[in-house]
Amino acid sequence: MKAALLNGPSDVTITDRATPASGEGQVLVRITHVGICGTDTKIYDGGILANYPVVMGHEGVGEIIEGQAADGSGPGNRVIIDPVLYCGNCFYCARGDTHLCENGGMLGREVDGVYTENYLAPAGNVFALGDNINMTEGPLIQVMTTVLHAQNRANIQADEVVVVLGLGVTGLLQIQVAKALGAKAVVGVSRNAHKRGLAEQMGADCVVEHGEAAKVAVLKQTDGRGADVVIEAVGYISVLAEAMDLARFGGRIIPFGIYAALEGKLPFYELYFKELDLINTRAALPSDFPASIKLVEEGKVNLAPFITHTYPLEELTEAIKLLMEPSDERLKVILEV
C-alpha cells in the first residue's frame, strides 16, 4: 500500500508498505480522503516536531475493511477516524479527559497517520459517517469536532452574542456551529472581503473588518455591553488582545488559534478588570464525533463551500506548499487516496 512518509522537515517520500492485519480491538480502514490543515504544514516544515520517520495525516475518512468499531460499525461502513490516542488508565482518562491523556498522542505526529491507503485504528477511535455525508467533505468533521468541543466548553447560550475573529476554515466553522447551538447573533471579523462574503453565506448576522468597525458592530449588537463570547481563530497575540477589547464584563474568550509566538503584548489590566474567562481547547473528545456528524446530517452545518482544492496522495508535497502560500480564496485542501 502507498503511504506518505515524512523522513524529516520538508522531506516527504511516497513509499510502499505492507497492509497491516487487524487484531482484537482494531479496525482496518481503507482510506479514501484526508484533509490537510495548518498543523500538518507545521509538522511538515519542522515547526511542530514529530517522531521521524512518520506517516503524516490526521483527518481521515474511509471504509472499514476488517474488524468492528466500538459503535458497531463493520466492513463496508463509511467511517471517520478520531486522531487522538489515549491509554484509558491515567489520571486524565479516568476523569473522561481522554484528549489530555498523559500517555497519548496524535496520528501523524507521535505515531503513523492516515496519509496512506489503509490504516489500522483502535476500535474506539472509529465512528460511523452514514450514507448522507459526502466523503470529500468528511475530513472536515474532524476539524469541526475541535470547534464543537471549544464551544461546548464555553457553554454558549441561546441569548448570547458571539464574535469570531478570523474567517479561515476554523473561523467559518465556528460561525456555523455557534448558530447551530442557538447563539442569538454571530459577528464575523476579517480583513478579507471574500471570506467576509463566505461568512455571510454561512449564517453570520454581521460581517466587518478588524478594528473600530468591529467594535462599533459588536456594541450595536449588544446594546453597548460587548460580546458574551469572542473566539480568536487567527493565532496572533494582537488579535487575542482585540478579543479582550470586544468582550463584555464577565465575558468569555476562546483562544482557538495556535500561537507560534513565544511572547507578546496583552492588555492584562483589561483581562483582570473585566473579569474575563479564557477558555482554551487543544483537541476533541470521542463524544464530539457523533455530535458533529449529527449537525452535518441535519443540515445545520454545510461543509461543501470549504473544499477549494483536491490533490492525489502522490502530490502531497505540492498540496502542502499550496496551503503554506498566502491566499484570499483558498480554504480546505483534500487528498484523494
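Which element gives the most to the nonpolar patch? Keep that question in mind while you set up the view, and remember throughout that this is a predicted model.

**Stop 1: the nonpolar patch**

Select Phe249, Tyr269, Tyr272 and Phe273, which form a nonpolar patch on the surface with about 540 Å² of accessible area together. The opening question is settled here, since α8 gives the most to this patch, with three residues. Phenylalanine 249, for its part, is found in strand β15, which covers residues 247-255.

**Stop 2: the loop after α8**

Now move to lysine 274, whose place is in the loop between α8 (268-273) and β16 (277-278). Is lysine 274 buried or exposed? Its relative accessible area is 8%, and because buried means under 20%, lysine 274 counts as buried. If you select its surroundings, leaving out residues up to four places away in sequence, you will find that lysine 274 touches Met244, Asp245, Ala247, Arg248, Phe249 and Gly250. One of these, Phe249, was also selected at the previous stop as part of the nonpolar patch.

Next, select glutamate 275, which is placed in the loop between α8 and β16 as well. Glutamate 275 is exposed, with a relative accessible area of 63%, and its backbone deserves a check in a torsion display, where phi is positive at about 50° although the residue is not a glycine.

**Stop 3: the parallel sheet**

Colour the strands of the open sheet, which has six of them in the order β13-β12-β11-β14-β15-β16, with parallel pairing. Which strands are at the edges? They are β13 (206-208) and β16, each of which pairs on one side only. At the β13 end, strand β12 (residues 185-189) runs parallel to β13 and is joined to it by three bridges; to see one position in that pairing, select glycine 188, whose bridge partner in β13 is valine 207.

From β12, continue into the loop between β12 and α5 (193-201), where arginine 191 has its place. Arginine 191 counts as exposed, at 63% relative accessibility, and, leaving aside its neighbours within four places in sequence, it is in contact with Arg196 and His210. For a sense of scale, draw a distance from arginine 191 to proline 290: the two are 99 residues apart in sequence and 34 Å apart in space, C-alpha to C-alpha.

**Stop 4: the β1-β2 hairpin**

Go to the strands β1 and β2, which pair in the antiparallel sense over six bridges. One position to label is lysine 2, which stands opposite aspartate 16 in β2. The hairpin of β1 and β2 has two residues between the strands, and within this hairpin serine 10 takes a positive phi near 60°. Serine 10 is found in the loop between β1 (2-8) and β2 (11-16), and it is partly exposed, with a relative accessible area of 44%.

**Stop 5: β5, β6 and β10**

Select strand β5 (residues 59-66) together with strand β6 (residues 78-81), a pair that runs in the antiparallel sense over three bridges. In this pairing, glycine 62 has valine 79 of β6 as its bridge partner. Then add strand β10 (residues 126-128), which is antiparallel to β6 and joined to it by three bridges; here isoleucine 80 stands opposite phenylalanine 127 in β10.

**Stop 6: a cis peptide bond**

Select tyrosine 52 and proline 53 and display the backbone, where a cis peptide bond joins the two, with omega about -10°. The place of proline 53 is in the loop between α1 (38-45) and β4 (54-55).

**Stop 7: the cysteines**

How many disulfides does the model contain? The count comes to zero when a disulfide requires a pair of cysteine sulfur atoms within 2.5 Å. Cysteine 93 is in no disulfide, and the nearest cysteine sulfur, that of cysteine 90, is 3.7 Å away. Cysteine 93 counts as buried, at 10% relative accessibility. To finish, select cysteine 37, which is buried too, with a relative accessible area of 15%.

Technical notes:
Residues are numbered from 1 along each chain as its sequence is written. This is a predicted model: local features need pLDDT of at least 70, side-chain atom pairs count only at pLDDT 80 or more; totals for chains, interfaces and linings use all residues. Side-chain values use heavy atoms; hydrogens and water are left out. Helices (H or I, at least four residues) and strands (E, at least two) are DSSP runs, numbered from the N terminus. Buried means under 20% relative accessible area, exposed over 50%, partly exposed in between (1.4 Å probe, protein chains only). Contact means heavy atoms within 4.5 Å. Two strands pair if DSSP finds at least two bridges between them. Patches are made of residues with over 30% relative accessible area and no salt bridge: like charges are joined within 9 Å, nonpolar side chains (Val, Leu, Ile, Met, Phe, Trp, Tyr) within 5 Å. Accessible areas come from the Shrake-Rupley method with a 1.4 Å probe; for residues, only the protein chains shown count as cover. A salt bridge is a side-chain nitrogen of Lys or Arg within 4 Å of a carboxyl oxygen of Asp or Glu.
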